[in-house]
Amino acid sequence: MQASRAILRLVVALLVLGAVYLGLATFLSRHVPSNTTVDRIAIGGMTPNEATVTLKRVLAARASQPVHLETPSRGVDIEPGTAGIEIDLDATLSDLTGFTVNPVQMWLRLTGGEDRPLRVRVDRAKLTAAVTEAAKAVDSPVVEGSITFTGARAVTVVSVAGQAVNVPETTDAVASTWPGQQVVQAVMTITQPKVPAAEVNRAAKEFATPALSGPVRLVAGRTSVALQPMQYAPVLSLVADGNGALRPEVDGAKLLAVGRAAIPGVERDPVDASVNLVAGTPQVVSARVGSKFDVLTIPTSFLAALT
């Protein structure tokens with residue numbers, strides 16, 4: 001009889017312990033492990049609903065702040081709502097709870113936990129469109145430097161590298177770092193000009209400015225004339241040589257026209273000697289030497305005079 005009572009007490013005790021154990025398992029299945037954090041926000045011991053409310057409250061400001069794309073020239077903002085990116089709390093909390101009677105797992109839920117990253121839902125098409133639109137504000141074409149001669153002055157355009165946002169890679173960067181990072185460095189494609197800015201500045205200093213600093217004297221035989229920068233500037237040019245340098249050139253045809261206008265009549269055709277009868281008396285007309293501008297050497301000589 002006593003043995004039966006002992007067995008009964010044991011069974012009742014086991015049932016009570018089992019009920020307590022199952023109750024604890026049920027409780028733990030409905031609560032987040034005690035030391036769990038999400039993006040360093042404590043949610044341990046909360047129910048999934050409580051954790052969701054807490055995370056929404058704490059993350060509300062961050063989730064609504066624009067993503068700031070930073071580029072070498074300026075920054076531009078993207079609004080998360082229109083860009084198709086949002087925090088996915090269901091996915092973030094999805095596997096933190098669940099029923100188990102495994103004592104090891106139950107113990108870990110009572111004492112353990114980890115810092116979990118936020119999961120993000122991304123509408124790739126919308127995010128790509130948003131980055132593409134933002135890129136329009138920062139993309140700039142390459143500017144090829146040049147020096148042109150207008151009137152009596154040299155007009156300098158300094159080279160500037162072109163830049164364009166690499167949309168696919170920047171989209172990946174935003175999707176992988178938001179909302180942990182509100183500032184995202186845009187991935188850029190840089191296009192360098194054919195002639196560096198330093199070379200344009202060198203050519204301006206060493207050639208263009210000195211070339212127009214004063215008149216150049218054009219000598220044709222015994223005749224000479226001072227050509228003013230206003231007259232000869234149109235014959236000058238600086239041309240890229242394909243190796244990143246600017247080389248001066250002279251337009252021979254234009255220079256010839258300038259010379260002929262400055263010293264009219266200096267060019268003449270040769271005349272052979274001849275004999276004419278004047279009042280029945282022969283008279284010798286001397287030969288006359290012709291003269292022409294040398295179209296081959298004048299441009300080279302003129303360029304040398306400028307430098």
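Me: A salt bridge is a side-chain nitrogen of Lys or Arg within 4 Å of a carboxyl oxygen of Asp or Glu. How many salt bridges does the structure hold?

Reply: Welcome! This is a predicted model, in which local features need pLDDT of at least 70, side-chain atom pairs count only at pLDDT 80 or more, and totals for chains, interfaces and linings use all residues. Residues are numbered from 1 along each chain as its sequence is written, while side-chain values use heavy atoms and leave out hydrogens and water. The number of salt bridges that the structure holds is 7.

Me: Which side chain meets Arg 202 in a salt bridge?

Reply: Side chains of opposite charge can pair when their charged atoms come close. Arg 202 lies in helix 8 (residues 197-211), and its partner sits in that helix too, 3 residues apart, about one turn. Helices here are DSSP runs of H or I with at least four residues, strands are runs of E with at least two, and both are numbered from the N terminus. The N to O distance is 2.7 Å, and the partner is Glu 199.

Me: Is Glu 199 buried or exposed?

Reply: Buried means under 20% relative accessible area, exposed over 50%, and partly exposed in between (1.4 Å probe, protein chains only). Arg 202, at 28%, counts as partly exposed. Glu 199 has a relative accessible area of 11%, so the word for Glu 199 is buried.

Me: Which residue forms a salt bridge with Arg 124?

Reply: The closest N and O atoms of this pair are 2.4 Å apart. The pair links distant parts of the chain, with Arg 124 in helix 6 and the partner in helix 7, 48 residues apart. Arg 124 is partly exposed at 40%, and the partner is also partly exposed, at 38%. That partner is Asp 172.

Me: Now for the strands: what is the order of the open sheet of 3 strands?

Reply: Two strands pair if DSSP finds at least two bridges between them. The pairing in this sheet is mixed, and its edge strands, strand 4 (75-78) and strand 11 (183-185), each pair on one side only. The order is 4-3-11.

Me: Which residue in strand 4 is the bridge partner of Val 67?

Reply: Strand 3 (residues 67-70) and strand 4 run antiparallel, joined by 4 bridges. Together they form a hairpin with 4 residues between them. The partner of Val 67 is Ile 78.

Me: Which side chains of strand 4 are buried?

Reply: The side chains alternate along strand 4. Gly 75 and Asp 77 point to one face and are not buried. Those that point to the other face and are buried belong to Val 76 and Ile 78.

Me: Which helix gives the most to the largest nonpolar core?

Reply: A nonpolar core is a set of buried Ala, Val, Leu, Ile, Met, Phe, Trp, Tyr and Cys residues joined through side-chain atoms within 4.5 Å. The largest one has 30 residues, and Leu 55, Val 67 and Ile 78 are among those with the most contacts inside it. Elements giving two or more residues to this core include strand 3, strand 4 and helix 7 (167-177). The most, 5 residues, comes from helix 6.

Me: Which residues does Val 174 touch?

Reply: Contact means heavy atoms within 4.5 Å. Residues up to four places away in sequence are not counted for Val 174. With those set aside, Val 174 touches Val 67, Leu 69, Ile 85, Leu 127 and Val 184.
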